[in-house]
Amino acid sequence: MSDERVVIQPGPIFYEVFTGLLKAQGTPVSEFAKKHEVTITNLKFMASGASNGPKSRKIRDAMMRAVDADAFRIMYERRLRIEGLLK
């Protein structure tokens, strides 16, 4: 792996990595959303960065912790490489 530090940013890739890892754990997205008192639509909105206030930042942090922040970083970086966004 590269020594380059990847900055995790909200967006479609963030949401897809989160949902993929969550599903791999056997946890439905709806369960996460309910636990954090948001709708799936709002969750996707927050993950995409369309909403970037304190609540959205807090939810994105909770999303990463729910699937293991290290696993999230690894898969996020891998996805960026696959998309050609990172060398």
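**Why these terms apply to the predicted chain**

User: What makes the charge of this protein chain countable, and how far apart do the two sets lie?
Analyst: The protein chain carries 15 positive and 10 negative side chains, with the centres of the two sets 5 Å apart. Lys and Arg count as positive, Asp and Glu as negative, while His and the chain ends are not counted. Each charge is placed at NZ of Lys, CZ of Arg, CG of Asp or CD of Glu. The model is predicted: local features need pLDDT of at least 70, side-chain atom pairs count only at pLDDT 80 or more, and totals for chains, interfaces and linings use all residues. Residues are numbered from 1 along each chain as its sequence is written, and side-chain values use heavy atoms, leaving out hydrogens and water.

User: Why is the protein chain called as compact as a globular protein of its length?
Analyst: The protein chain has five helices and zero strands, these being DSSP runs (H or I, at least four residues; E, at least two) numbered from the N terminus. Its radius of gyration is 13 Å, close to the 12 Å from the globule rule for 87 residues, so the description holds. The radius is taken over C-alpha atoms, and the rule is 2.2 Å times the number of residues to the power 0.38.

User: Which residues of helix H3 are buried, and what makes them line one face?
Analyst: Leu 43, Met 46 and Ala 47 are the buried residues of H3 (residues 40–48). They fall within an arc of 100 degrees seen down the axis, so they line one face of the helix. Buried means under 20% relative accessible area, exposed over 50%, partly exposed in between (1.4 Å probe, protein chains only); the arc is that of the directions from the helix axis to the C-beta atoms.

User: Against which helices do the buried residues of H3 pack?
Analyst: They pack against H1 (12–24), H2 (29–35) and H4 (54–66), where contact means heavy atoms within 4.5 Å.
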